[in-house]
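Let's take a walk through this structure together, one neighbourhood at a time. Have the sequence and the 3D view open as you read.

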Amino acid sequence: MRVISGSARGLKLQSLEGQDTRPTLDRVKEALFSILSPYLREACVLDLFAGSGALGIEALSRGAEHVDFVDKFSSALDIVKENAAKAKMTEKSSFYLFDAERFLRERAQIYDIVFLDPPYAAGLYEPILNLILKKKLLRESGIIAMEWDYNAARPSVPTGFEVLKERKYGRVGISLLAVQ
C-alpha cells in the first residue's frame with residue numbers, strides 16, 4: 001500500500017497485520033481520488049474508521065488542508081500516526097481514539113469530505129449517515145465517499161442524501177453521497 005499521488009507520492013504505508021483492518025486497495029484508491037480531485041484543494045476531511053490512514057493521507061498529499069483521523073483501536077491509530085509522520089503530514093492531522101458514533105455525536109466540525117469505510121457487516125452505515133445528516137457535519141457542497149462490499153446489497157442511504165456516483169472495483173463498491 002502506497003501514496004499514489006501528490007507531495008507524498010510513492011511513500012509506502014504501514015497497515016495492521018490480520019483481518020481487523022481492510023486497507024483500501026491502491027486501484028480503488030486511485031479511481032476514488034480521480035473522482036474526488038476537484039473537491040480536495042484545501043478541504044477539511046474526516047477519515048472515519050481510519051485503519052492505516054491511507055485515505056486521509058492520500059487526501060493530504062493531494063492538497064487537503066486538514067484531516068481528522070478517527071479509529072476506536074489504539075493499535076490502528078498508532079499506525080495512522082506513524083504513517084502521517086512518515087508522510088510529513090502530522091501538522092495537518094488530528095487523531096481521535098473514539099468509536100465513530102461517539103465522535104460524531106460530540107463533534108461540531110463541518111467537513112468537505114468524509115471517508116466512510118466501516119467493517120462491512122457491522123451495520124454502521126445508516127447510523128453514521130444519520131448522525132452526519134442530523135448534526136449537519138457535511139458542508140453543503142461536501143461529499144461522503146462510502147466503501148462497501150459489492151457482493152452484498154449496498155447499504156441503505158437515508159433520506160436526505162443523494163447518491164451522486166457509484167462504481168464497482170472487484171468486490172468493492174464505492175458510493176459518493178451528497179446532502180440533498
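**A guided walk**

Let's begin at Phe49, which sits in the loop between E1 and helix H2 (54-61). Keep in mind that what you're looking at is a predicted model. Phe49 isn't a glycine, and yet its phi is positive, at about 55°. Most residues other than glycine have a negative phi, which is a good reason to pause here. Another residue with this feature is Lys88, a non-glycine with a positive phi of about 60°. You'll find Lys88 in the loop between helix H3 (74-86) and strand E3 (93-97). With a relative accessible area of 66%, Lys88 is exposed.

Back at Phe49, look at what it touches: one of its contacts is Asp71. Asp71 belongs to strand E2 (residues 66-71). Here's a puzzle about this acidic residue: what is the nearest side chain of opposite charge, and how far away is it? It is Lys72, 7.7 Å away, and Asp71 has no salt bridge even though it is buried. A salt bridge needs the nitrogen and the carboxyl oxygen within 4 Å. What Asp71 does have is a backbone partner: a polar atom of its side chain lies 3.3 Å from the backbone nitrogen of Ala50. Setting aside sequence neighbours within four places, Asp71 is also in contact with Gly51, Ala76, Leu77, Tyr96, Leu97 and Phe98, among others.

Two of those names lead us on to the rings. Tyr96 and Phe98 join Phe103 in one aromatic cluster. Across the whole structure, a search turns up six aromatic pairs. Try Trp148 and Tyr150: their ring centres are 5.4 Å apart and their planes meet at 25°, so this pair is stacked. Are the two residues buried or exposed? Trp148 counts as buried, because its relative accessibility is 4%. Tyr150, at 37% relative accessibility, counts as partly exposed.

Now for the nonpolar interior. In soluble globular proteins, nonpolar side chains tend to be buried together. The largest nonpolar core here has 60 residues, and those with the most contacts inside it are Leu32, Leu48, Leu104, Phe115, Ile132 and Ile144. Which element gives this core its largest share? That's helix H1 (residues 26-40), with seven residues. To get a feel for the packing, click on Ile132: leaving out neighbours within four places in sequence, it is in contact with Leu104, Val114, Leu137, Leu138, Ile144 and Phe161. Leu104 and Ile144 turn up again here, since both were named along with Ile132 as having the most contacts in the core.

Just past H1 comes a residue with another character. Arg41 lies in the loop between H1 and strand E1 (44-48). Its relative accessibility is 61%, so it counts as exposed. Arg41 and Ala59 are 18 residues apart along the chain, with 9.0 Å between their C-alpha atoms. Beyond residues up to four places away in sequence, Arg41 touches Arg62 and Gly63.

That brings us to charges. Side chains of opposite charge can pair when their charged atoms come close. How many salt bridges does a search of the whole structure find? There are seven. In one of them, Asp68 pairs with Arg107, and their closest N and O atoms are 2.8 Å apart. This pair links distant parts of the chain, as Asp68 is in strand E2 while Arg107, 39 residues away, is in the loop between helix H4 (100-106) and strand E4 (111-116). Both partners are buried.

Compare that with Arg102 and Glu106, whose closest N and O atoms are 3.0 Å apart in their salt bridge. Both lie in helix H4, four residues apart, which is about one turn of the helix. Arg102 is partly exposed, at 42% relative accessible area, and Glu106 is exposed, at 52%.

Then there's Arg139 with Asp112, a salt bridge whose closest N and O atoms are 2.6 Å apart. This one also links distant parts of the chain: Arg139 is in strand E5 (residues 138-149) and Asp112 in strand E4, 27 residues apart. Arg139 counts as partly exposed at 35% relative accessibility, whereas Asp112 is buried at 16% relative accessible area. Finally, Lys29, Glu58 and Arg62 are joined into one network by salt bridges that share partners. You've met Arg62 already, as a contact of Arg41.

Technical notes: Residues numbered from 1 in each chain as written. Predicted model: local features only at pLDDT ≥ 70, side-chain atom pairs only at ≥ 80, totals over all residues. Heavy atoms only, no water. Core = buried A, V, L, I, M, F, W, Y, C linked by side-chain atoms within 4.5 Å. Buried < 20%, exposed > 50% of the residue type's maximum accessible area, 1.4 Å probe, protein only. Helix = DSSP H or I, 4+ residues; strand = E, 2+ residues; numbered from the N terminus. Contact = heavy atoms within 4.5 Å. Phe/Tyr/Trp six-rings, centres within 6.5 Å; stacked < 30°, edge-to-face > 60°. Lys, Arg positive; Asp, Glu negative; His and termini not counted. Polar contact = N/O pair within 3.5 Å; in protein donor to acceptor, adjacent residues only side chain to side chain.
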